[in-house]
Amino acid sequence: MTDNLRLNNNPAVNDYPADHPIFTRDVLPDTWDACDGLGRILPGHGQTGDVRKDKYVGIFYWTWHCAHAKSTDPHNVTEILAKYPEALCDLEHPAWGRKQAPHHWNEPLFGYYNTIDKWVLRRHAEMLADAGVDVVIFDNTNGTMTWRESYTMLLEAFAEARADGVKTPQISFILPFFDEKLAAIQLRDLYTDLYRPEKHPDLWFFWKGKPLIMAMPDGLDAADPLDAEIRDFFTFRPGQPSYVVGQTRPDHWGWLSVYPQKVYRNADGSPEQITVGVAQNHSAELGLTAMNGVNVFGRTYTSKGYDTRANAVLYGANLAEQFEYALEVDPEFIFVTGWNEWVAGRFEHWQGVDNAFPDQFNDYFSRDIEPSKGQLKDHYYYQLVSYIRRFKGTRSLPAASAPVTIDSTEQWNAVEPTYYAYRGNTGTRDCDGYLTTHYVNTSGRNDIVAAKVARDSENVYFYVECADDITPSDDPCWMRLLLDTGCAGDSWEGISFILNRTKAGMLERSTGGWNWEEVGKVSMNVTGNTLTVTVPRSMLGLDKGGFTLRFKWADNNLADGDILDLYQYGDAAPGGRFMYRYEAND
């Protein structure tokens, strides 16, 4: 191993020493399994092939909530229209917020948060890292606003996450589309505040040898020393605002397009960049229009017509069609819109629509992937993960060491692989959200940092390690082991067994959903910060040959069987619906 390893093929500013936690505690998220709430299984190495060189994914990210949260109380369009359907065409209906004020299309899973909420930013860092996103691109397309307070907090949160082993995305910005003078003001602001002082340079995303910025350099004065320095510092890729026009200058990149998306090419004609969108505020009749217009290209739209299946909005037909085309084009870079815009202003009239919501409206007509508390839950997140894996490839599963009968803690030292989990993510949340909201979360307890599995002809052995001494076993929702053996039978969210749900040491089997029957008591031992478990193969329905096991550990969550708890409460290793995969090829 070399003295320094780099996260991608960019210049040395992105290099880390070989003993950095990103490498020494690599959690290998691209080897994890997951079954989403719609029954879709993530592709593994057998379906994706090896990791492909020089393939990158960026996602549009909004830092503006730091400003909106200080002046606006939450207004949820989906909830308003469910209660007051007549409000749709009534500009003056009292259920709406003030005109032009931000309205949420639905409530985010983490609440109506402010983007200076470091607790939320840490979860974004982990979720985007686990998905395989390489860069978040901040929306600075509005005037001269750079949302400095927000990006500064995000950089701090991402830096702390990296020190805990999270391979967070790097960062970049997209500046105003049309006004080169406004872009120049922002360029000077960002350069003097962030880039020239070299704040968090390891978090900058480089492209073609220099930090990437999606901006026009045309408004900079080549005769001015500072402007000349800025011109030379960045790789510029100005954003094309149109959804239908495509590349009109050689350095253009897109941010959103209708299908088939426009391809942005290198000088030699090879595809450099393409966009993928969840939905587009566009219709065949009007072109650009408000999201609550007629025949808008929402989440269920495809070029062959709208997906009319039951619950079609959950399946992301628009996103799927665009991603399939992007895979066909196979560029160097895919730009996804988007992660967490959440809000749109409300206007009396905009692009042919009255009481108009330009960019976001409701569950059907919105373009965020971040999980919500509404019906969309986390379905789009795993759809994103699936397509990123198909685009970038994945690593093969680490091989399991030979069978061994575990009689002592010391024997675990020779067991492979080690399934690492992120350290340092059980901190307290205590932060204002949008006006009238404040969020407190003190559920972090046992910080799970590593796990192992071993087996012999009679038993399967489990080991889990926490950052500090494990709390007493009579704590509520204490150190649960969730298992799936792949055997036919009932399950809860694809999980067939759970340990420690009702009492320490009791293994239960799902009888369908969050309903469980006792299988039997198993042997457990807690020593300081480690917990070991011995489960007879017979309890899991495993014979004496090889087997595949999916598992995870969870602490202080899942009180009522809501799998979305795994993002919000206590700790889960791995996070969300992800599960470690163990293959015993005996």
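This report covers helices, strands, cavities, buried acids and unusual backbone angles in a predicted model.

## Basis

The model is predicted: local features need pLDDT of at least 70, side-chain atom pairs count only at pLDDT 80 or more, and totals for chains, interfaces and linings use all residues. Residue numbers start from 1 along each chain as its sequence is written, and side-chain values use heavy atoms, with hydrogens and water left out.

Helices (H or I, at least four residues) and strands (E, at least two) are DSSP runs, numbered from the N terminus.

## Helix α6

Helix α6 covers residues 148-163. The expected span of a helix is 1.5 Å times one less than its number of residues. For the 16 residues of α6 that gives 22 Å; the end C-alpha atoms lie 23 Å apart, which agrees.

Buried means under 20% relative accessible area, exposed over 50%, and partly exposed in between (1.4 Å probe, protein chains only). The buried residues of α6 are Ser150, Tyr151, Leu154, Leu155, Ala157, Phe158, Ala161 and Arg162. Gly165 follows the helix, with a positive phi near 100 degrees.

## The β21-β22 hairpin

Two strands pair if DSSP finds at least two bridges between them. Strands β21 (residues 429-432) and β22 (residues 438-441) pair in the antiparallel sense over four bridges. Arg429 stands opposite Asn441 in β22. Five residues separate the two strands of this hairpin. In the turn, Thr436 has a positive phi of about 80 degrees.

In a regular strand the side chains alternate between the two faces of the sheet. β21 shows the alternation: Arg429 and Cys431 point to one face and are buried. Asp430 and Asp432 point to the other face and are not buried.

## A five-stranded sheet

An open sheet has the strand order β20-β23-β24-β30-β29, with antiparallel pairing. Its edge strands are β20 (419-420) and β29 (523-527), each pairing on one side only.

Within this order, β24 (residues 459-466) and β30 (residues 530-536) run antiparallel and are joined by seven bridges. Tyr463 stands opposite Thr532 in β30.

## Cavities

A cavity is found on a 1 Å grid over the protein atoms alone, as a set of points where a 1.4 Å probe fits but cannot get out; lining residues have an atom within 4 Å of a point. Grid points are joined across faces, edges and corners, and a volume is the space filled by probe spheres set on the points. The whole structure holds four cavities of 30 Å³ or more. For residue classes, Ala, Val, Leu, Ile, Met, Phe, Trp, Tyr, Cys and Pro count as nonpolar, Asp, Glu, Lys and Arg as charged, and the others, Gly among them, as polar.

The largest cavity has about 290 Å³ of space. Its lining has 25 residues; Glu126, Asn425, Leu566, Ala572 and Gly575 lie nearest the centre. By class, the lining has 16 nonpolar, five polar and four charged residues. α5 (118-131), α10 (379-392), α12 (565-568) and β32 (571-573) each supply at least two of them. α5 gives the most, with four residues. The second largest cavity has about 70 Å³ of space. Residues including Asp26, Trp32, Pro417 and Tyr580 line it. This lining divides into nine nonpolar, two polar and one charged.

## Buried acids

Asp227 lies in helix α8 (residues 225-233). It counts as buried, at 2% relative accessibility. The side chain of Asp227 reaches the backbone nitrogen of Asp221 at 2.8 Å.

Asp555 lies in strand β31 (residues 547-555). Its relative accessibility is 0%, so Asp555 counts as buried. A polar contact is a pair of N or O atoms within 3.5 Å; within protein, one must be able to donate a hydrogen and the other to accept it, and residues adjacent in sequence count only if both atoms are side-chain atoms. The side chain of Asp555 makes such a contact with the side chain of Asn446, at 3.3 Å.

## Backbone angles

A cis peptide bond joins Tyr259 and Pro260, with omega about -10 degrees. Pro260 lies in the loop between β11 (253-254) and β12 (263-265). Another cis peptide bond joins Thr337 and Gly338, with omega about 0 degrees. Gly338 lies in the loop between β16 (333-337) and β17 (343-344).

Asn355 is not a glycine, yet its phi is positive, near 45 degrees. Asn355 is in strand β19 (residues 353-356) and counts as buried at 2% relative accessibility. Glu493, also not a glycine, has a positive phi of about 50 degrees. Glu493 sits in the loop between β25 (480-484) and β26 (497-499). At 31% relative accessibility, Glu493 counts as partly exposed.

Conventions. On a 1 Å grid over the protein atoms alone, a cavity is a set of points where a 1.4 Å probe fits but cannot get out, and a pocket is an open set with protein on both sides within 12 Å along at least five of seven lines; lining residues have an atom within 4 Å of a point.
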